[in-house]
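Subject: Structure handover

Hi,

Please find the structure below. My notes on what turned up in it follow.

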Amino acid sequence: MDMYYVSTRGGEEKKSAAEAIKQGIAENGGLFMPSSLPRITQEDLEKLAQMTYPQRAAHILSLFLTDYQYDELLADCEKAYAEDKFPGGPAPITDYSDKIKMLELWHGPTCAFKDMALQIMPRMLARALEKTNEKRTALILVATSGDTGKAALEGYKDVPGVQIQVFYPVDGVSNMQKRQMAVQEGENVCVCAIKGNFDDAQNGVKKIFGDTAFNQQLEQNGYFLSSANSINWGRLCPQIVYYVSAYCDMVARGDLAMGEKLDVCVPTGNFGNIFAAFIAKQMGLPIGKLICASNRNNILTDFLRTGVYDKNRPFYATMSPSMDILISSNLERLLYFLCGAEETAVYMKSLAENGKYEISKEIMAALSSHFIGAFCSEEETAATIKTAFEHGYLCDTHTAVALKCALAYEKESTDKTAGKLLVVSTASPYKFAPSVLKALDQSIPENEFDSIDALIGATGTKAPKPLLCLKDKKIRFDQTIEADAMKNAVLSFTQSN
C-alpha cells in the first residue's frame with residue numbers, strides 16, 4: 001500500500017515520501033506525518049534480528065518510503081553505515097549494569113547521534129530530487145544547538161543539487177562543536193553564528209520558510225528551501241531504525257526475551273529522538289515507558305507532568321547545550337497523533353501568539369500512558385558523570401542527564417513488572433571534554449585540544465579520530481550576525497554560488 005504524508009495542522013495537502021522529504025515542512029507550517037503507521041510483528045523482529053544494520057534500516061525505511069525501491073534504500077544504507085563511516089558498526093549496546101544498557105549512537109563521523117540519520121538522509125534527498133524531476137537547487141537551512149549542524153554539514157557536503165547553510169547560537173554550543181562547524185569542508189556549505197540562543201536560530205529559520213515573497217525570490221534564482229532538522233520526516237524516519245535494531249540486538253545478546261517489554265530513556269531537547277521511539281512503539285516494538293530526560297531547561301518535564309507547555313520562562317545555558325531548547329518542534333507530531341490536526345493547529349496557534357498552551361485531560365491521560373517526564377540539574381549532571389566513571393562508564397553531559405533520570409526511575413519505580421532499561425547515549429564524552437574533566441575533578445586546560453589529551457590521560461580511554469584530526473584543519477567560517485540578519489545571510493550565500 002502506498003504511503004502518503006499529511007500536515008499536522010490539517011489541510012488537503014498530500015505528498016509522497018519523496019515530496020515530503022524534498023519539501024521538509026508543509027505549506028501551512030505543519031510537519032509531515034505518514035497517513036498510517038506500518039506494523040512490526042514478532043515474526044518480523046525475529047527476521048530483523050538476523051540482519052545487518054543496513055539491512056534492518058532498508059527494511060524499516062521501505063515501510064515508510066513506498067515510492068522508493070528497496071534495492072535503492074539498501075544500496076544507500078550500506079554506503080551510509082559502512083565501516084569507514086562507523087568503525088566497529090553503528091549503534092552498539094554497552095552494559096552499564098545488569099538492568100541498564102547503553103545504546104551508543106555516537107560512533108559516526110561527527111561523534112553524535114545525529115550521524116545515524118544524517119548519513120542516510122542526504123542520499124534519500126538526492127533520490128527525491130530525481131523522483132520529482134526537480135531542476136532547482138535544494139537550499140538546506142539548519143538551525144542547530146550543536147550536533148545537528150555538523151552532522152548535516154558532513155552528510156550534505158558536495159552532494160549534487162544541494163547547498164546547505166547552518167545557523168548556530170554563538171555562545172550556545174561547546175567550543176568543540178563550534179570548531180567542528182568552523183572547519184567544515186565542502187564547496188556547497190556555509191556556517192553562520194548568531195547572537196541569541198537556539199530558539200532564536202530555529203525561529204529565524206522558520207520565518208524564512210514561511211516568508212512567501214522571499215521564497216519566490218529564491219525560486220527566481222533557481223533555489224527552493226528544505227530542511228535537515230528533525231522537522232523533516234526524512235531526518236526523523238531513520239531514527240526509528242535504531243530502536244528496532246537495539247531491541248533485536250538485546251534479544252540476540254540475551255538481555256531480553258523476544259516480546260519482553262523494554263523501557264527507554266532519552267536525553268531530550270527537540271523531542272525528535274524520543275518521538276522516533278514512540279513511533280517504533282506504535283508500530284509494535286515492545287517498548288514500555290518512554291522516559292523523557294531534560295536538563296535545567298525542563299519545559300518538557302513540566303509539560304509531561306502538568307499538561308501545560310509554557311515557553312515563557314528563563315532560558316539557561318548548560319553543560320548539555322544540545323538540549324538547551326524551549327520550543328520542542330517534534331512535540332507537534334505527538335500532539336497530532338494523540339488529538340488530530342484540528343486540535344493541534346489550535347495548540348500551535350496559541351504557542352505562536354501566547355507562548356503557551358494547555359492540553360485536555362483526555363490527551364494528558366493518553367500522554368501519561370506512554371511518557372514520564374524527568375530532569376537533571378547541572379550539579380546532578382556532573383555528579384552522574386563522576387559516579388558513572390567510577391562505575392566503569394565514561395559518558396558525556398547529555399548522556400549523563402539521561403542516565404541520572406534512568407537511575408532515579410529504576411530506584412523509584414513502583415512498577416514491579418518493569419524490566420530492562422535502555423539509555424540512549426547521544427554524544428562522545430570528548431565532544432564536551434572540559435565539562436567532563438571538571439565533573440571528574442580534573443583541571444581544565446585553556447586549549448580545547450589539550451582538554452582532549454587531559455581526558456585521555458585522566459580516564460585511559462581513547463578519543464575518536466574525527467575529533468583528534470580537527471586540530472590541524474583550517475578555520476573557514478567565523479562570521480557572527482544578528483538573528484534578524486539571517487535572511488540577508490541566506491541571500492548572500494545563494495548569490496555567491
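I start with one residue. V251 sits in helix α11. Its C-alpha is 9.7 Å from that of L45, although the two are 206 residues apart in sequence. Setting aside neighbours within four places in sequence, V251 is in contact with L256, A257 and M258. Bear in mind that this is a predicted model.

**Cavities**

Helix α11 comes up again here. How many cavities of 30 Å³ or more does a search of the whole structure find? The count is 3. The largest cavity holds about 270 Å³ of space. Its lining has 26 residues, and F113, K114, G269, N270 and S322 are the closest to its centre.

Three helices each give at least two residues to that lining: α7 (147–156), α11 (233–253) and α12 (272–283). Helix α12 has the largest share, with 3 residues. By class, the lining of the largest cavity has 14 polar, 9 nonpolar and 3 charged residues.

The second largest cavity has about 50 Å³ of space. Its lining is made up of A143, Q202, V205, K206, N229 and I231. Helix α9 (residues 198–210) provides the largest share, 3 residues. The classes here are 3 nonpolar, 2 polar and 1 charged.

**Pockets**

Keep K206 in mind. This residue lines the second largest cavity, and K206 is also among the residues nearest the centre of the largest pocket. The others named there are I25, G29, F209 and G210, out of 36 lining residues. The volume of the largest pocket is about 1,100 Å³.

Which elements give two or more residues to the lining of the largest pocket? They are α1 (17–23), α9, α10 (212–220), β9 (223–227), α14 (331–339) and α15 (341–354). The lining of the largest pocket divides into 15 nonpolar, 11 charged and 10 polar residues.

The second largest pocket has about 430 Å³ of space. It is lined by 22 residues, and W106, H107, K462, A463 and P464 are the closest to its centre. Of its lining residues, 11 are nonpolar, 6 polar and 5 charged.

**Helix packing**

Three helix pairs are worth a look. For each, I give the angle and the distance, as two packed helices are described by the angle between their axes and the distance between the axes.

*α10 with α22.* Helix α10 helps line the largest pocket. It also packs with helix α22 (residues 486–495), at an angle of about 5° and with the axes 11 Å apart. Angles under 35 degrees count as roughly parallel, so α10 and α22 are roughly parallel to each other. On the α10 side, the contact is made by F214, Q217 and L218; on the α22 side, by K487, V490, L491 and T494. The contact has 4 nonpolar, 2 polar and 1 charged residues.

*α3 with α4.* Are helix α3 and helix α4 parallel or oblique to each other? The axes of α3 (residues 53–64) and α4 (residues 70–80) come within 8 Å and cross at roughly 140°. Roughly antiparallel needs an angle over 145, so α3 and α4 are oblique to each other. The crossing of α3 past α4 is right-handed. From α3, the residues in the contact are P54, Q55, A57, A58, H59, L61 and S62. From α4, they are Y70, L73, L74, C77 and E78. By class, this contact has 8 nonpolar, 3 polar and 1 charged residues.

*α13 with α16.* Helix α13 (residues 299–306) and helix α16 (residues 361–368) have axes that come within 8 Å and cross at roughly 115°. Since 65 to 115 counts as roughly perpendicular, α13 is roughly perpendicular to α16. F303, L304, R305 and T306 in α13 meet M364, L367 and S368 in α16. The split by class is 4 nonpolar, 2 polar and 1 charged.

**Where to look**

For a quick pass, open the largest pocket, at about 1,100 Å³. Then go to the largest cavity, at about 270 Å³. Finish with the α10 and α22 pair, which is roughly parallel.

Best wishes

Conventions. Residues numbered from 1 in each chain as written. Predicted model: local features only at pLDDT ≥ 70, side-chain atom pairs only at ≥ 80, totals over all residues. Heavy atoms only, no water. 1 Å grid on protein atoms, 1.4 Å probe; cavity = no way out; pocket = protein on both sides within 12 Å on 5 of 7 lines; lining within 4 Å. Points joined across faces, edges and corners; volume = space filled by probe spheres on them. Helix = DSSP H or I, 4+ residues; strand = E, 2+ residues; numbered from the N terminus. Nonpolar A, V, L, I, M, F, W, Y, C, P; charged D, E, K, R; others polar. Axes fitted to C-alpha atoms, helices over the stretch in contact; angles between N-to-C directions. Left-handed = near helix turned anticlockwise from the far one by under 90°. Contact = heavy atoms within 4.5 Å.
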